[in-house]
Amino acid sequence: MTVSVSLTVNGEAVSADVEPRTLLVQMLRENLDLTGTHVGCDTSQCGACVVHVDGESVKACTVLAVQAEGADVKTIEGVADGDTLHPMQQAFHENHGLQCGFCTPGMIMSALDLVKNNPAPSEKEIREWLEGNLCRCTGYHNIVKSIDAGAAAMRG
Amino acid sequence: MTEQGIGAAVARREDRRFVTGQGHYTDDINRRGQTHACFVRSPHAHATLNGVDTAAARAMPGVRGIFIGEDMAEVGPLICGWAITDVNGEPHRAPPHPALAIGKVNFVGDAVAVVIADTLEQAKDAAAAVDVDYGILGAVVDPATAAPDGQIQIHETAPGNLSYEWAIGDQAAIDAAFEGAAHVTSLEFTNNRLVPNAMEPRACIAEYEDGTGDYTLYLTSQNPHVHRLVMSAFHGLAPEHKLRVVAPDVGGGFGSKIFIYAEEVVLTWASRHIGRPIKWTAERTESFLTDCHGRDHVTKAELALDGDGKFLAMRVNTIANMGAYLSTFASAVPTYLYATLLAGQYTTGGIYCNVKAVFTNTVPVDAYRGAGRPEAAYVVERLVEAAAAETGRDPAELRKTNFVPTDAFPYETPVIMQYDCGDFAGSMDQALDLAGYSGFQARKAESKAGGKLRGVGFSSYIEACGVAPSAAAGSLGAGVGLWESANIRFNPTGNVQLFTGCHSHGQGHETAYAQIVADKLGVPYEQVDVIHGDSAKVPFGMGTYGSRSAAVGGSAIVKAADKVIEKGRKIAAHALEASEDDIEFAGGNFTVTGTDKAMNIAEVAFTAYVPHNYPEGLEPGLDETAFYDPLNFSFPAGTHICEVEVDPETGSVSIERYAAVDDFGVLINPLIVEGQVHGGIGQGVGQAMLEQAVYDNDGQLISGSYMDYTMPRADDVPNYDVGFNGVPSPLNPLGVKGCGEAGAIAAPAAVMNAVHDALSDVGVGHIEMPATPLRVWQAIQDAAA
């Protein structure tokens, strides 16, 4: 049995027929071919799958696709402005905030939600906010630095 | 140095695809007609396989095939590629590890059957319907008690669950040195078992094309050619020329993606039987249950000192847990990658080390970031710090008293290593500065006033990386050579493709290698592309592990560049009507000495491909391949200093300062090197304070998810102050030393020495890793009781 789900992803109206048990992250990756959203665990701990649903950061492995019916979803593929990287993406690049890149989409999506609510987060606030995002490569030093720089760039 | 040459902190070119979600990891790939695999895994640590009933599962929707161990009898078992000789002169015991279990399972997660179906959901549903009749046996879990007589026997061919007993050093001489010592420091501790946890789970897609007989395997691999070689030569899955292994973007490895695992063997074999591509991606719990774990030593270590604090001798006895089988390089880790580093940075007179490698009913243990060297550094640096405390010496001064002096290189250690160069005291001084050591007592007093304990800890580590001179590795039992390849291919329009046998899974080779080529050949950085990870594209190479990509892979690039220049010189001499001997090459230009007659390398490349006016007898084209076999390991070394504050009420430890000064020789890209140091320290802090793979007595992994296994999170770790004291290595053309593992090697001892220092104020003498709040609090209570 499948159900049809319609939603907006990165500004485009999309729909897909999925099993009721399909997770939002599976629908994004398998049905919509948006493979920038990653799956790094099965317990909603790693945060590699963070996307925005109606403007809030959400772990896409913890939401059923059917729950996103009618929602406005943004994934990492929708963050840049055409060829121009978003300031947060640019900050991760300039500050070597990524190594293998697997956690990076979730980190950036999570960081954007932080900065939306707290435009000038302290180092401590950044570190605490990231408790839902795991990285095994960077030791977090440059991720924290990147988010600080990205937030500053977004403040202008 | 040019702007984007060697030494420049170039921001990585690979970042763009990763920050925009355009990376191509294995699970992002889908092949036409693809099916999905789900493995049926043993829920028991040790059991006989009395029967596997697949009838019900076969009848379920979408199922295309179910295979068990007997179906794959033609496929060779998983192998260990490094042969250790036992103290009795016999080879180590390496019982066969069938990709799918035959007759018996030996750890929770051991693969019993594979179900292949049209969708992943169908495969999972059918896997749940496979009925396995297990005869449950008692499990061997604790390495310390795995090997005595009368124990439960795991493998018939490994009596007493012993894979090997191995030793290095003159035991009698060392025992005699201990007899004459003024002081002996003695410690017993474990080196906690870790789970590598690359953020991208292992995955593969195997595809067979009947029309050509070609297999393609997309795989999360650090070394695609090594996978191809072993799968061809030992598993007999396909001849090498018919097997293409592609390791696309790989999301971290840390050693865990070196090894040849059951899943890629099974899928490659099954793809021919099914006639469709088959995909498998580990769920995180599967990663915990099947990715090789790291460390897991039980050690007694002793250090003998004379009255002046000089180290006379060291004696170490270690039990190393190999898990249920010997994994691909497992046997080398607690031997040649461990005991050979026990000299540390010191002139210790003699060293004896005995290692018993034992089997248990747990996941196989193999190389994880540092692989043997973190265990060695922990032994040495805990001993030294404890000796300083016991003899009332300043830990920094005691180290300086025993450092190999800068004028003693090359230095032969008692454990078969020859250090090429170093400045151990210089790095120590720089680290003391960076850590603000002179202000420590004031900070300690301040902590005390607030009811907190403060401690400082040192780790003056050394490691051997850039594996490895092939002849040396071979003489020690390696089944492979450990050289590296590079192919520099100019195109007629002057841009360059570099094909390397190393593989980048976070290390930034696409940037750093392009910097080397740009620097050596004077080609604009933007005009150099780096290609890696596809056995159909790159020359045979050994891959990336053991911090070898700069020292070995980078040196191969330099060697290939030298060949390009030599050929270019001939072409330029002809075109410029000069003698070859009169042609100088610098900054991308071939110049006739003493004249302004010159030709740049792009023009030379064009001439090589459009050879209308060309030296007689010279082959067209500008495309050179080099294979580089290193002369020695490289020996990064440095001092890390950690300062912690402990809350005695809660037992929580916070790292207040962490300073690292490392000697990596010449830095190709300081931005990337700093990132490697940060990441290594992060993992080392995880080992010291947070992480441990815990098995219960039945062999169940009870820390088998991120809900249970404590991964370091952003608020668990500090900022790191990183400095460099590079002494260029004379043994490779770049003067580089490996930087990938140093942090993970140095950090556990630095953190734990700081914790011990802090807790010494309340009478705690010993605490094991990880120093969790519970463990610290309990130790404080016990000391007060």
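These are my notebook entries on two chains and how their parts meet.

**Ground rules.** I am working with a predicted model, where local features need pLDDT of at least 70, side-chain atom pairs count only at pLDDT 80 or more, and totals for chains, interfaces and linings use all residues. Residues are numbered from 1 along each chain as its sequence is written, while chains are lettered from A and ligands numbered from 1 in the order in which they are written.

**Entry 1: chain B overall.** I began with chain B and found 18 helices and 28 strands. (Helices are DSSP runs of H or I with at least four residues, strands are runs of E with at least two, and both are numbered from the N terminus.) I then looked up the spread of the C-alpha trace of chain B, which is about 90 × 75 × 50 Å along its principal axes. The radius of gyration of chain B is 27 Å, which agrees with the value near 28 Å for a compact globule of 785 residues. (That radius is taken over C-alpha atoms, and the globule rule is 2.2 Å times the number of residues to the power 0.38.)

**Entry 2: where the chains touch.** How many residues of chain A are in contact with chain B? I found 44 of them, facing 43 residues of chain B. (Contact means that C-beta atoms, placed from the backbone, lie within 7 Å.) On the chain A side, α2 (87–94), α3 (104–117), α4 (123–129) and α5 (141–155) each supply at least two residues. By class, I noted 20 nonpolar, 16 polar and eight charged residues on that side. (Nonpolar covers Ala, Val, Leu, Ile, Met, Phe, Trp, Tyr, Cys and Pro; charged covers Asp, Glu, Lys and Arg; the others, Gly among them, are polar.)

**Entry 3: two domains in chain A.** Chain A is divided into domain 1 (3–78) and domain 2 (87–155), with bounds from an automatic or database domain assignment. Their C-alpha centres lie 21 Å apart. The contact between them takes 15 residues from domain 1 and eleven from domain 2. On the domain 1 side, β3 (50–53) and β4 (56–59) each supply at least two residues, and the largest share, three residues, comes from β3(A).

**Entry 4: a helix pair.** Which residues of α2(A) meet α3(A)? I see M88(A), Q89(A) and F92(A) meeting T104(A), I108(A), A111(A) and L112(A). The residues of this contact are five nonpolar, two polar and no charged.

How values were computed: Contact = placed C-beta atoms within 7 Å.
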